[in-house]
Structures are given as structure tokens and as C-alpha cells.
Amino acid sequence: MTDTYVCVDLETTGLDPKLDKIIEIGAVRVEQGEAVEEWETFVNPGQKLPERIVELTGIHDGELSKARPIREILPEFLTFVGEDVLLGHGVLFDFSFLKKAAVNEKLSFERQGIDTLKIARKYLKELESRSLGALCRHYGISHSAHRALSDARATAALYQKLAQEFYEKDIEAGEKSLFLPKQLLYRAKRDTPLTVAQKEQLYKLLDRHKLIVDYEVENLTRSEASRKIDQILAECGR
């Protein structure tokens with residue numbers, strides 16, 4: 001069984017790594033089955049949080065405004081992770097956001113991973129839900145939902161519970177065993193910054209229509225700026 005890994009969890013502004021942003025990272029390094037180090041940080045997404053994310057996580061804009069952007073944080077996180085296997089509950093979700101952030105900064109991020117959600121879906125079909133919260137209740141694991149470090153700690157504990165109960169049975173599947181690391185695959189395309197023309201047009205539209213927005217123009221990508229411009233033109237005209 002893989003007993004050395006980094007368990008990672010993210011909080012984000014939404015579910016799409018192409019459109020949404022990381023707002024919190026939590027990670028737990030486990031060596032030989034024991035948690036030996038933790039790492040956590042807020043991330044400034046450069047935009048106002050959707051109300052549903054505030055309600056879900058309890059994280060507020062004021063907390064994130066003091067945080068650094070992902071481009072400054074990512075190298076430190078990659079150093080913490082090293083070349084270790086990633087563990088997560090729905091690990092491809094977390095990997096996809098991290099891979100997208102890495103590609104944007106022209107950094108390499110290729111990893112193998114283990115997914116506790118896939119293990120639970122295979123062996124705990126009788127449960128009404130295999131969400132992290134439901135599984136923590138099932139196994140009596142202490143858990144404060146929707147905060148990155150708490151979720152990472154809980155997932156590491158869940159993995160140990162699942163291994164104790166199902167590892168010997170699952171290992172009979174050989175290379176297909178869900179307890180063995182598998183290459184994580186997500187194709188990410190690098191975002192390009194907004195153009196000078198887009199920036200000028202957006203500032204002019206905001207000024208002309210006296211609009212107050214919940215994002216920082218300078219941090220927009222070309223595609224994001226294009227969507228913002230189209231939205232203003234559709235709602236307010238030229």
C-alpha cells in the first residue's frame with residue numbers, strides 16, 4: 001500500500017478550472033502512514049467571491065484581499081509537494097486547478113494520484129452518499145467541511161480507514177487496484193493576458209457607464225476580458 005504521499009484539497013470560486021480560481025490550499029504530508037507536516041494558505045483570486053462560496057466555506061473577501069496571488073504561492077506549494085503521489089477525494093478536481101495554475105506560470109506539474117472517492121464508490125455502494133462529509137460520519141472521523149486543510153486531514157484519515165477495510169481485497173485486482181497511484185491527466189491551455197486594446201476598451205466602458213465591478217481589470221486574461229466586454233455591451237450598450 002502507498003503510505004507516503006501528500007494529501008491535498010482546494011477551495012475554489014467554482015467548479016471549472018478554465019474559468020474559476022483557487023482561494024485556499026491545504027496539504028498534509030504523510031510518510032509511512034503518519035502525518036508529518038502541513039501546509040495551508042489563502043489565495044487572492046483577484047475577484048469578489050460568489051455569495052454561494054462565502055456561504056459554503058465561510059471565507060470572506062477581506063481575508064483573501066490580504067493574501068498573495070497564485071503566481072507567488074505556487075512555487076512554494078510545488079516545493080512542499082515535491083515528486084510525491086497526490087491523494088485526494090476527487091483528486092482530479094484539485095489536480096486540474098493546480099495544473100492550470102502551473103501551466104499559466106510555465107511550470108511543469110505532472111503527478112500520480114490516488115482517489116479516495118473512487119475507492120468509496122467501489123466498496124461502499126450501500127451508502128446514500130460518498131461525499132467526504134458522509135464518509136467521515138460513517139467512519140467517525142473529525143471533520144470541518146469545506147476548508148482546505150481540514151478536508152485534507154480528513155481525507156488522509158479516510159484513506160487509512162479504507163485501506164484497513166478494503167486494501168487486501170482490492171490488491172487482488174493487480175495493476176488496476178485503486179490503492180495504487182495512477183497518472184493524473186488533465187490537458188490545460190495557458191491563459192494569455194488581456195491585450196492593451198482590451199484593457200483600454202474595458203476601462204472606457206466602465207467609466208462611460210459608471211460601473212463598479214468586483215474584479216481587477218489588470219488581472220484578467222484575454223478570454224476573461226473578452227467575456228466582460230461582451231457582457232457590458234449586451235447590458236449597457238456602447
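Helices α5 and α7 are oblique to each other in this predicted model, because angles that fall outside the roughly parallel, antiparallel and perpendicular ranges are classed in this way. Their axes cross at roughly 45° and come within 10 Å. The crossing of this pair is left-handed. Residues 116–123 make up α5, while α7 runs over residues 148–170. On the α5 side, the contact is formed by T116, I119, K122 and Y123. Facing them in α7 are T155, L158, Y159, L162, F166, K169 and D170. Sorted by class, the residues of this contact comprise six that are nonpolar, two that are polar and three that are charged.

Beyond α7, the chain enters the loop that leads to β6, and L180 is found in this loop. L180 counts as partly exposed because its relative accessibility is 28%, a value between the 20% limit for buried residues and the 50% limit for exposed ones. Its contacts, leaving aside residues up to four places away in sequence, are with G113, I114, I171, G174 and E175. A useful point of reference is F166, one of the α7 residues that meet α5. The C-alpha atoms of L180 and F166 are 13 Å apart, and the two residues are separated by 14 residues in sequence.

Further along, D191 occupies the loop between β6 (182–183) and α8 (196–208). With a relative accessibility of 17%, D191 is counted as buried, since the cut-off for that class is under 20%. The side chain of D191 is not without a polar partner: a polar contact of 3.0 Å joins it to the side chain of K100. When residues up to four places away in sequence are set aside, D191 touches N104 and T221 as well as K100.

Two lysines deserve a look for their backbone geometry. K106 sits in the loop between α4 (91–104) and β5 (112–115), and its phi is near 60°, a positive value in a residue other than glycine. The relative accessible area of K106 is 66%, so this residue is exposed. K210, in the loop between α8 and α9 (222–236), also has a positive phi, of about 55°, although it is not a glycine. K210 is likewise exposed, with a relative accessible area of 67%; the threshold for both lysines is over 50%.

Definitions and conventions:
Residues are numbered from 1 along each chain as its sequence is written. This is a predicted model: local features need pLDDT of at least 70, side-chain atom pairs count only at pLDDT 80 or more; totals for chains, interfaces and linings use all residues. Side-chain values use heavy atoms; hydrogens and water are left out. Axes are lines fitted to C-alpha atoms, for helices over the stretch in contact, and angles run from 0 to 180 degrees between N-to-C directions. Helices (H or I, at least four residues) and strands (E, at least two) are DSSP runs, numbered from the N terminus. Angles under 35 degrees count as roughly parallel, over 145 as roughly antiparallel, 65 to 115 as roughly perpendicular and the rest as oblique. A crossing is left-handed if the near helix is turned anticlockwise from the far one by less than a right angle, and right-handed if clockwise. Contact means heavy atoms within 4.5 Å. Ala, Val, Leu, Ile, Met, Phe, Trp, Tyr, Cys and Pro count as nonpolar, Asp, Glu, Lys and Arg as charged, and the others, Gly among them, as polar. Buried means under 20% relative accessible area, exposed over 50%, partly exposed in between (1.4 Å probe, protein chains only). A polar contact is a pair of N or O atoms within 3.5 Å; within protein, one must be able to donate a hydrogen and the other to accept it, and residues adjacent in sequence count only if both atoms are side-chain atoms.
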